[in-house]
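This report concerns a single protein chain. The sequence and the coordinates are shown first, and the description comes after them.

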Amino acid sequence: MKSSPDVASAAAVTAEGATDEDLPAAQEPTFPVRRVDTASLKALAHPLRVQILEMLSRYGAQTACSLGELLNESSGSTSYHLRQLAKHDFVREVEGKGTARERWWERPRGAIQITSPELATSPATEEASRLVTREFEHSRQAVLADFMAHGSESLDAEWLHAALISTANARLTADQLARYTTALEAYGHRLLEDIRNEGEQEGARPVQIHLNAFPILGVPASAGSRGHSSRNQQSASPERNVP
């Protein structure tokens, strides 16, 4: 397993003291982004519904029965929540697959943006956003912790060599961070789409990719700076979940 405590990847420009010239201009994502409204957010704000979306993202199309087995829930429960998700276009029935008694469901391609300034104006929607992001984060933490604890005993050497757990640190302005994350997310999407277009390959298995870049909370913004002192803190950036 490759692990780098300081550099995210060979292509990433994250050296300490990065300037405006180091980073490309921010731009709109080159992939679909679903920005949820109040009604759809409230429909998603249920732990099991978030888990259903996660399973469809990880493993592709599933039936209510197969989702029940993955989540240790009854097929009646997963079927009900699938229908509620479908009402708000979070999932859709797979065309030409299954029967009236065994319907197959999939998650449409694209990102889901969970938080926004508009949703934060209401205590109810703000709490719903927290619930959804908390469930997604618990799922991310669980799969990463499982890999770190058991990967070496469960995977062949080629899989361990291909994996990467990495953290990069830099001092950036909010504008630099926005341009960095937008460009990196767009590049990652294009690369992943190229790989997906190669079709299913022999020996493939589900893989989850994490990309985190965010201000560190709970410490002065000036921490680690050279000769500056300030106690301003940065706020967290919006949550996005991509299948």
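The text below treats the overall make-up, a pair of helices, the nonpolar core, a small sheet and some individual residues.

**Overall make-up**

The structure is a predicted model. The protein contains seven helices and eight strands. Of its 243 residues, 30% count as buried. When contacts between residues at least 6 apart in sequence are considered, 70% of them join residues at least 24 apart.

**Helices H2 and H4**

Two packed helices are described by the angle between their axes and the distance between the axes. For helix H2 (residues 47-59) and helix H4 (residues 75-87), the axes come within 10 Å and cross at roughly 85 degrees. The two helices are therefore roughly perpendicular to each other, given that angles of 65 to 115 degrees count as such.

On the side of H2, the contact is made by Leu48, Arg49, Ile52 and Leu56. Their counterparts in H4 are Ser77, Thr78, Tyr80, His81, Leu82, Gln84 and Leu85. By residue type, this contact divides into six nonpolar, four polar and one charged.

**The largest nonpolar core**

The largest nonpolar core has 23 residues, and the members that touch the most others in it are Leu44, Ile52 and Leu82. Two or more residues of this core come from each of helix H1 (38-44), H2, helix H3 (64-71), H4 and helix H5 (123-154). The most is given by H2, with six residues. Ile52 and Leu82 also take part in the contact of H2 with H4.

Leu44 can be followed further. With residues up to four places away in sequence not counted, Leu44 touches Arg49, Val50, Leu53, Leu85, Phe90, Ile114 and Val132. Among these partners, Arg49 and Leu85 belong to the contact of H2 with H4 as well.

**The sheet S3-S5-S4**

Strands of a sheet pair through backbone hydrogen bonds, either parallel or antiparallel. In this model, three strands form an open sheet in the order S3-S5-S4, and the pairing is antiparallel. S3 and strand S4 (92-98) stand at the edges with a single partner strand each, so one side of each has no neighbour in the sheet.

S3 (residues 62-63) pairs with strand S5 (residues 103-106) over two bridges. On the other side of the sheet order, S4 and S5 pair over three bridges, and a hairpin of four residues joins S4 to S5. Individual bridges are listed here.

| Residue | Bridge partner in S5 |
|---|---|
| Gln62 | Trp105 |
| Thr63 | Trp104 |
| Arg92 | Glu106 |

Thr63 lies in S3 and is buried, with a relative accessible area of 5%, where under 20% is the criterion for buried. Apart from neighbours within four places in sequence, Thr63 is in contact with Glu102, Arg103 and Trp104. Trp104 is thus named twice for Thr63, as a contact and as the bridge partner in S5.

**Loop residues with positive phi**

Most residues other than glycine have a negative phi, and most peptide bonds are trans. Where does the model depart from a negative phi? Two residues other than glycine can be cited: Asn72, with a positive phi near 55 degrees, and Asp89, with a positive phi near 65 degrees.

Asn72 lies in the loop between H3 and H4. Its relative accessible area is 72%, and Asn72 is exposed. Asp89 is placed in the loop between H4 and S4. At a relative accessibility of 56%, Asp89 also counts as exposed, the criterion for exposed being over 50%.

**Trp159 in helix H6**

Further along the chain, Trp159 is found in helix H6 (residues 157-162). Is Trp159 buried, partly exposed or exposed? Its relative accessibility is 26%, and Trp159 therefore counts as partly exposed. With residues up to four places away in sequence left out, Trp159 touches Gly203, Arg205 and Val207.

**Summary**

In this predicted model, H2 and H4 cross at roughly 85 degrees, and H2 gives six residues to the largest nonpolar core. The antiparallel sheet has the order S3-S5-S4, with Thr63 of S3 buried. Asn72 and Asp89 are exposed, whereas Trp159 is partly exposed.

Terms used:
Residues numbered from 1 in each chain as written. Predicted model: local features only at pLDDT ≥ 70, side-chain atom pairs only at ≥ 80, totals over all residues. Heavy atoms only, no water. Axes fitted to C-alpha atoms, helices over the stretch in contact; angles between N-to-C directions. Parallel < 35°, antiparallel > 145°, perpendicular 65-115°, else oblique. Contact = heavy atoms within 4.5 Å. Nonpolar A, V, L, I, M, F, W, Y, C, P; charged D, E, K, R; others polar. Core = buried A, V, L, I, M, F, W, Y, C linked by side-chain atoms within 4.5 Å. Buried < 20%, exposed > 50% of the residue type's maximum accessible area, 1.4 Å probe, protein only. Pairing = 2+ DSSP bridges.
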